[in-house]
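User: Please take a close look at the packing in the interior of this model, and set out in one connected account which residues and elements take part.

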Amino acid sequence: MKRLIVIQHSMTGGTLQMAGAFVAGAAAETEVNTRCLHATEAGPDDLLAADGYVFATPENLGTMSGLLKDFFDRCYYPVLDQLNGRPYATLICAGSDGQGAARQIERIVTGWRLKAIAPPLIVITHAQTPERILQPKRIGEEDLQRCRELGEAFAAALALGVC
C-alpha cells in the first residue's frame, strides 16, 4: 500500500479546510493510505515513510507560515538525498496571490529533488485588512472541490505508480 502524507498548518481554518478536502478526495483510492499531520507533529520519519507529500500552508506576510517553515528547518537535512524523485503538491490559502509561499516551498523541495505533480493550488481569500486576515476563513465549495479533485488525482496516480 502506498502512503501519502499531508503536512499542514492553518491559522484561521482555511488551509485546514483545503487539506481536509484533499484528504477526502484521496480517500477514494483504496490502495493509498493518506494521513494529515500538523506541521508541528510531522518529522523526518514521517517523510521517509511516505511515498508522496502535500504541503499546505496559509500565506503569511507573503511567504509560507512560520510553523511550516519550522517543519522544513527540522526535517531538511535529516532526509536530504533520501526522498529523491518522490511526488509532491502544494495547497496555499492566500490573502493576496500566494506566489511567495509557492516559490519558497518550491525552492526547498527542489533541494530534496521532489517532483511537482501539479502547479500549486492557491485559494485567494482577498483578506487584506488586519480584521479580515485574522478572522476565521470559509473556503467556498468550488475551491474545496478543486482540492478534492487534486487529492483524488494524486492518490490515483500514486496507486498506479505513474508519479
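Analyst: **Trp112 and the nonpolar cores**

Leaving aside residues up to four places away in sequence, Trp112 touches Leu47, Phe55, Phe71, Phe72, Cys75, Tyr76, Val79, Leu80, Leu83 and Asn84, where contact means heavy atoms within 4.5 Å. The model is predicted, so local features need pLDDT of at least 70 and side-chain atom pairs count only at pLDDT 80 or more, whereas totals for chains, interfaces and linings use all residues. Residues are numbered from 1 along each chain as its sequence is written, and side-chain values use heavy atoms, with hydrogens and water left out.

Trp112 is also, together with Phe55, Phe71 and Phe72, among the residues that touch the most other members of the largest nonpolar core, which has 28 residues. Such a core is a set of buried Ala, Val, Leu, Ile, Met, Phe, Trp, Tyr and Cys residues joined through side-chain atoms within 4.5 Å, buried being under 20% relative accessible area (1.4 Å probe, protein chains only). At least two residues of this core come from each of strand S1 (2-8), strand S3 (52-58), helix H3 (66-79), strand S4 (87-94) and helix H4 (99-111), and H3 supplies the largest share, six residues.

A second, separate core of 22 residues includes Ala19, Ala89, Val123 and Leu144. Elsewhere in the packing, the axes of helix H1 (residues 14-26) and helix H6 (residues 141-160) come within 6 Å and cross at roughly 40°. Their contact is made by residues including Met18, Ala21 and Phe22 of H1 and Leu144, Cys147 and Leu150 of H6, so that Leu144 belongs both to this contact and to the second core.

Terms used:
Axes fitted to C-alpha atoms, helices over the stretch in contact; angles between N-to-C directions. Helix = DSSP H or I, 4+ residues; strand = E, 2+ residues; numbered from the N terminus. Buried < 20%, exposed > 50% of the residue type's maximum accessible area, 1.4 Å probe, protein only.
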